[in-house]
Amino acid sequence: MSPNPNRPPWYVMLFGIVLALIGLALAIGGARLVSLSGSWYYLIAGLGMLASGILLMRRRTAGAWLYTLVFVATVIWSFWEVGTDFWQLVPRLIGPIVLALFTLLIWPALHDDGTRSRVRRNAYPLAGVALLALIGFGVGMFRPQGVIRTEATAQQAAVPATPQPVSDWQYYGRTPSGTRYAPLTQIDPKNVDKLEVAWTFRTGDVASTGAENQNTPIQIGDTVYVCTPHNKVFALDADTGKERWRFDPEASSPVWQRCRGVGYYETAAAPAAGEAQPAACRKRIILSTIDSRLIALDAETGKPCEDFGTHGAVDLKQGMGEIKPGYYFQTSAPTVVRNMIVIGGWVFDNRAIDEPSGAVRAFNADTGELTWAWDMADPSITGLPPEGKTYTRGTPNVWSTPAFDDKLGLLYLPTGNSPPDFWGAHRSKAAEKFASSVVALDIATGRERWVFQTVHHDLWDYDVASQPALYDIPDGKGGMQHGLIQVTKRGQIFLLDRANGQPLAEVKEQPVPQGAQEGDWTSPTQPYSVGMPSIGTEPLSEAKMWGATFFDQLWCRIEFKKMRYEGEFTPPSTHRTLQYPGYYGGMNWGSASVDEARGYLIVNDIRMPQWIQLIPRSEADKEGAAGVHDGFAPQTGTPYGVSKNGFMSPLGVPCHAPPYGTLSAINLKTRQLMWQVPMSTLQDTGPLGMKTGLQIPIGMPTLGGPLTTASGLVFYAGTQDYYLRAMDTASGKELWKARLPVGAQATPMSFVSPKSGRQFVVLSVGGARQSPDRGDYVIAYALPGKP
């Protein structure tokens, strides 16, 4: 039996079916998007593909011509909607180009033998063009996109750094100023590519479920001090990494185990000749724990200092009232100021109104006695609360790291929110004044000197997570201004006079969306730092929705249109709302670095929106277990619980266009963005949580902070791929990277060994956030040579 000459070959039939199914899916989704007042493209293109597929199944050349029309219209629409933005074009064009390639390849089979050769001569070269376009996209994916570099960068970079006298890395941010700047020049842009592992130490404390390794070590003389997620402390030889001593406080918490750093204290002066020499503990390592203890250790031996508190420990639960397991403890490094240890605390977000106080306390570093307390809601309490009372419960806390200026006598606190984060009708006057702010206290007395609020009546968890950075800035008249730079989760960067809290860069109160859930309210305006660049703050839109394919991009566009979104201050409600920048930032606890030689502010950011929905109390009380940050939270004591999570496609891909994390440099003198580059590749992550193994520099969410050096380098490791990188401070260009055994989310530090004279860069490596690969490494890098 002879074949039917009008029946298409099997591959044409198969392609027609696939094209028709794709068109049907796009048409159905497109109709839903149109019903939400969204783009008409998907409906029209889907119907066109559906018709084209049916015609191809019937061996009609009109099917190929119709898809050609759909394809040309798709190209025009794509460039009209997003311009030449590479990553925005990827889901819009790659799929249609692939379909165009197959259409061209099967086109000759739609013709009779007499015309097939002529059609082939035209179709195949065009198929080659389509293939080249796909190759071009493939090549483009392996090149950084959206890089910003100003013309002034190269000129500014020529300024040589003047090294300062070498000193210890004594504080979390190296100095009380919190700039994470190492005045060191041994490792420089010319030789950084020769860095190698000098030593590796394993702590044995692997960050398992709920725990994270976020420690920045400190260095005092020839010793490096490290703490682990469960507060184990190790003293290591700075040149070899050999263990000198260890201390295990046997601390535990049901949630959120981390130790970002330890403090160091040394008595004011050594005893004079003839005076009794102390037996121990003239030099002390100060440790706070995840079960609310403050511990002083002998820096030489690791043994508790018996004259501090009770056998070396102070109970930080004193005066706090009821503390449920995991509801109050310390995660950030204690701040040693003069002869005091200043400590705040972390509270379990969004559980209830009645949570432990946000009181900040200062303890005598020699004895452990309470020197002063700051209870923002009750200024009459300056020490322990009176008998039968507690520090005011539910006040904004200080869970991150303060900075201080000893000459001005001021301590700078980055404050959190009154619990819970997403409902505020119950908040006190003190909470409304001090939440999400920078507060300056008198170091000696703990009394308030000034306050600057970054968010009014915060309903978005925009607490101030980053340590303030203190850096003097030229005033344009030959003098200097006492600057304080506060980066925020909002991506806003506030530049203040740290003497009085007044803005040095213009701040404007701008109108924001209204319409809070009934029973709550919103501030009519919010502060915007218009005199400084902002990072990652461009508003979202339907056109900015993204996906790995045009299917999940369409899904994301539909979901976007279903939510309420009017910018970063869209009020939470029982109707799902979208928040961007999200409650992870912007900029988070990793904080910024200031290259003090060049006057460059270096910041890394997170660009991940979250959706939020208030749950009426009657429904919230039926919900199951609560998450720590994402998922359901009860908000007990309010009319609503809350459900929240990242805005992701069904493939686990963010629903908005890349990048999702960058590293940026801002000239603090000119207040100009000098460069910005996407950070991290897809090598160790990907859709559905699968590692792609591909070094595609899409820019992934970052955590931890940067380190700058006087030689003109930025070191950074808090990426989703497993690398420590060195960047050129002048241009943001990557100069070197080292593969890590697992990811990292800690801030690196650097010092010069007083014994060998070698400069080391040291990093805690315990696993990237959201990564299942975990470790317990402390790795030191140095130039080749023997200690």
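Helices (H or I, at least four residues) and strands (E, at least two) are DSSP runs, numbered from the N terminus. Keep that in mind for the exercises below.

This is a predicted model, in which local features need pLDDT of at least 70 and side-chain atom pairs count only at pLDDT 80 or more, while totals for chains, interfaces and linings use all residues. Residues are numbered from 1 along each chain as its sequence is written, and side-chain values use heavy atoms, with hydrogens and water left out.

## Exercise 1: Two cis peptide bonds

Find where Pro 659 lies, and describe the peptide bond that leads to it from Pro 658.

*Solution.* Start with the place: Pro 659 sits in the loop between strand S32 (640-646) and strand S33 (662-667). Next, look at the bond from Pro 658 to Pro 659, which is cis, with omega near 5°.

Now try the bond from Gly 585 to Gly 586: this peptide bond is cis, with omega near 10°. Gly 586 belongs to the loop between strand S27 (577-579) and strand S28 (593-595).

## Exercise 2: The protein as a whole

How many helices and strands does the protein have?

*Solution.* Counting gives nine helices and 41 strands. The radius of gyration (taken over C-alpha atoms) is 29 Å, close to the 28 Å that the globule rule gives for 787 residues, so the protein is as compact as a globular protein of that length. That rule is 2.2 Å times the number of residues to the power 0.38.

For the outline, take the principal axes: the C-alpha atoms fill a box of roughly 115 × 65 × 55 Å.

Then turn to the surface. The protein exposes about 29500 Å², and carbon and sulfur atoms supply 56% of this area; the areas come from the Shrake-Rupley method with a 1.4 Å probe, and for residues only the protein chains shown count as cover. Of the 787 residues, 61% are buried. Buried means under 20% relative accessible area, exposed over 50%, and partly exposed in between (1.4 Å probe, protein chains only).

Last, check the contacts, meaning heavy atoms within 4.5 Å. Among contacts between residues at least 6 apart in sequence, 64% join residues at least 24 apart.

## Exercise 3: The largest nonpolar core

Which residues have the most contacts inside the largest nonpolar core, and which helix gives the most to this core?

*Solution.* First, the term: a nonpolar core is a set of buried Ala, Val, Leu, Ile, Met, Phe, Trp, Tyr and Cys residues joined through side-chain atoms within 4.5 Å. The largest one has 65 residues, and Met 49, Trp 87 and Leu 99 have the most contacts inside it. Six helices can then be ticked off as each supplying at least two residues of this core: H1 (10-35), H2, H3 (61-82), H4 (86-106), H5 (113-141) and H8 (550-562). H4 gives the most, with eleven residues.

## Exercise 4: Three helix residues

Are Leu 56 and Asp 552 buried or exposed, and what does Ala 25 touch?

*Solution.* Take Leu 56 to begin with. Leu 56 is part of helix H2 (residues 41-57) and is buried, with a relative accessible area of 0%. Leaving out residues up to four places away in sequence, the contacts of Leu 56 include Pro 8, Phe 15, Leu 19, Ile 106 and Leu 110.

Asp 552 comes next, in helix H8. Asp 552 is also buried, at 5% relative accessible area. Beyond four places in sequence, Asp 552 touches Trp 546, Gly 547, Ser 649, Pro 650, Leu 651 and Val 653.

Finish with Ala 25, a residue of helix H1. Ala 25 is partly exposed, at 35% relative accessibility. With neighbours within four places set aside, Ala 25 is in contact with Phe 551 and Leu 554.

## Exercise 5: Positive phi in two loops

Where do Ser 37 and His 311 lie, and how exposed is each?

*Solution.* Ser 37 is in the loop between H1 and H2. Ser 37 has a positive phi of about 65° although it is not a glycine, and is exposed, with a relative accessible area of 62%.

His 311 is in the loop between strand S10 (293-298) and strand S11 (313-315). Its phi is positive too, about 55°, although His 311 is not a glycine. At 58% relative accessibility, His 311 counts as exposed.
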